[in-house]
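Dear colleague,

I am passing on the structure we spoke about, with the notes I made while going through it. Please open it alongside this message.

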Number of protein chains: 2
Amino acid sequence: MVSPVNSSGSTKERILGAAELLFAQRGFDGASLRQLTTAAGVNLAAVNYHFGSKDKLVEEVFRRRLDALNARRLAALARIAGAPETTLENVLEAFIRPALELSHDESGALFMRVLARAFAEHDDSLRQFLSTNYGHVMRQFTAEFARLLPQLSKEELYWRIDLVTGALTHAMSGFGMIQRKSDVSERAHREQTAQHLIRFAVAGLSHP
Amino acid sequence: MVSPVNSSGSTKERILGAAELLFAQRGFDGASLRQLTTAAGVNLAAVNYHFGSKDKLVEEVFRRRLDALNARRLAALARIAGAPETTLENVLEAFIRPALELSHDESGALFMRVLARAFAEHDDSLRQFLSTNYGHVMRQFTAEFARLLPQLSKEELYWRIDLVTGALTHAMSGFGMIQRKSDVSERAHREQTAQHLIRFAVAGLSHP
DNA sequence: CGTATGCTCAAACGATCGTTTGAACCGGCC
DNA sequence: GGCCGGTTCAAACGATCGTTTGAGCATACG
């Protein structure tokens, strides 16, 4: 069953909000346009009118969030990249903090689950979309990791980054869960999460 | 398009084999019973006749592999649990090695991708099936981790195990990929994979 | 006022889904 | 031979999917 939460805003924004929620809960295939438009309080045909197709809607859900998220990541990286006093923690914080801040509000947290789903599902067209549009972000971070870990071979570095990515994706996919005790403790929990993630990633990247 | 690989064996076994392949490639919802039965070279109605429903087929795909896999994990754990000379590496090897050996043959490797998908998709009924049938395995490993890492609080330990699980799942989901250069180098690559995973996991679990 | 434009609406389209049906087939046993 | 439980088969069922259609409505502009 889908609760019709007719949140305010334009038709496009209502669709994007409902899509984020339902994609996180049921996956891209699992959420139908009828559930989606009912939850958004708009007509069924509105999706194809405003976005062209369901696939284009999926891409737009990603674009709306990832443009801002990755811009903030790159800005944070640019402030520290190449500097002699920069540490591994600094780089990891530049990557993780924007994601954690995005997930401070509920819809942002839902999006992190959508993102984790996208990584898990090996859908080729979606992976290609993410790679062509946001591949340069990971490339810049990888270059900085390589600078800070010169003792690692390229292959070794890629292995470790891949494993860290898996751990982060897995952890962040749990953000949009239903249960939580209170908003205040949730925010504290998120700060604690950042600490765990960063210390874990540092250990995984820089172990001898 | 689905290539009709009519591999030998009973109807049930042919269905299970084709299901493993198609579930890994397209997910549980994405693979239809018509694609599946065509690939297996059996009639469409055979799935419901032999398994009752598509959901029951999914469970059977897991049960066939996980019964053997987790039995070997627990046997390996039993040989070292509680011993004073046991190291963190030993416990992690007891967990990872059986999975790597399972993925030595192609169908086993495909199953690891199916398993990774199951973790990614937050399908409640499937997660509950896995939890009730195989939850005791992770519980026994957790107990041994707790013994070897007494300095960690329960919460800290759960966090680290969760992150390690995410990294391993992410890494193993890439096993069933198509490209590989030769069988010999692939086996060597898998041994290298085990080394990377275990050293990474040790660092992530035991870092100060 | 008339009309053009952007948007919403109910309804329908064809395709595909999981499942069910009832007849056909097949081995072994009385 | 005759029957029977287990299995396979083509065909159909109702449901749901993404998408399209064409009429209807609103606002802005001449």
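Which residue of chain A comes closest to the rotation axis? Before the answer, one caution: what you have is a predicted model, and what follows should be read with that in mind. The residue is A:Ala167, whose C-alpha lies at 2.2 Å from the rotation axis. The axis itself comes from superposing chain A on chain B, which takes a rotation of 180 degrees with 0.1 Å of shift along the axis and leaves an RMSD of 0.1 Å; that is the relation of a two-fold axis. The same surface serves both copies, in that 100% of the contact residues of chain A recur in chain B.

The chain and its partner

Chain A has nine helices and zero strands, and along the sequence it reads α-α-α-α-α-α-α-α-α. Of its 208 residues, 35% are buried, and among the contacts in chain A with a separation of 6 or more, 69% are accounted for by residues 24 or more positions apart.

The contact between the two chains takes 22 residues from chain A and 22 residues from chain B. On the side of chain A that touches chain B, at least two residues each are supplied by α1 (11–30), α6 (106–120), α8 (154–172) and α9 (183–206), and the largest share, ten residues, comes from α8(A). By class, this side of chain A has seven nonpolar, nine polar and six charged residues.

The corresponding stretch in chain B, helix α8 (residues 154–172), offers a simple check on its geometry: at 1.5 Å a residue its 19 residues should span 27 Å, and the end C-alpha atoms are indeed 27 Å apart, which agrees. The buried residues of α8(B) include B:Trp159, B:Arg160, B:His170 and B:Met172, and B:Ala167 and B:Thr169 are also among them.

The interior

The largest nonpolar core has 105 residues, and those with the most contacts inside it are A:Ala19, A:Leu36, B:Ala19 and B:Leu36; the largest share of this core, ten residues, comes from α6(A). In soluble globular proteins, nonpolar side chains tend to be buried together. If neighbours within four places in sequence are left aside, A:Leu36 is in contact with A:Ile15, A:Ala18, A:Ala19, A:Leu22, A:Ala31 and A:Val47.

In chain B, B:Leu115 has its place in helix α6 (residues 106–120). Is B:Leu115 buried or exposed? B:Leu115 is buried, because 23 other C-beta atoms lie within 10 Å, where 20 or more are needed for a residue to count as buried. Its C-alpha atom is separated by 8.1 Å from that of B:Thr169, although the two residues are 54 residues apart along the chain.

A contrasting case is B:Arg79, which lies in the loop between α4 (54–78) and α5 (88–102) of chain B. B:Arg79 is exposed, with 11 other C-beta atoms within 10 Å, and from C-alpha to C-alpha it is 23 Å from B:Ala203, a residue 124 residues apart from it in sequence.

The DNA strands

Of the 15 residues around DNA strand C, those that come nearest are A:Thr11, A:Asn43, B:Ser32, B:Ser53 and B:Lys54, and the elements that give two or more residues to this surface are α3 (46–51) of chain A together with α2 (33–40) of chain B. The residues of the surface near DNA strand C divide into eight nonpolar, five polar and two charged.

For DNA strand D there are likewise 15 residues around the strand, and A:Ser32, A:Ser53, A:Lys54, B:Thr11 and B:Asn43 come nearest. Here the elements giving two or more residues are α2 (33–40) of chain A together with α3 (46–51) of chain B, and by class the surface has eight nonpolar, five polar and two charged residues.

Among the residues nearest to DNA strand C, A:Thr11 may be worth following on your screen. A:Thr11 has its place in helix α1 of chain A and counts as partly exposed, with 16 C-beta neighbours inside 10 Å. Leaving aside neighbours within four places in sequence, A:Thr11 is in contact with A:Val42, A:Ala46 and A:His50; of these, A:Val42 is 31 residues apart from A:Thr11 along the chain, with 6.8 Å between their C-alpha atoms.

With kind regards

How values were computed: Residues numbered from 1 in each chain as written. Chains lettered and ligands numbered in written order. Predicted model: local features only at pLDDT ≥ 70, side-chain atom pairs only at ≥ 80, totals over all residues. Near = placed C-beta within 6 Å. Helix = DSSP H or I, 4+ residues; strand = E, 2+ residues; numbered from the N terminus. Nonpolar A, V, L, I, M, F, W, Y, C, P; charged D, E, K, R; others polar. Buried ≥ 20, exposed ≤ 12 C-beta atoms within 10 Å, placed from the backbone. Contact = placed C-beta atoms within 7 Å. Expected span 1.5 Å × (residues − 1). Least-squares fit on C-alpha atoms with pLDDT ≥ 70 in both. Core = buried A, V, L, I, M, F, W, Y, C linked by C-beta atoms within 7 Å.
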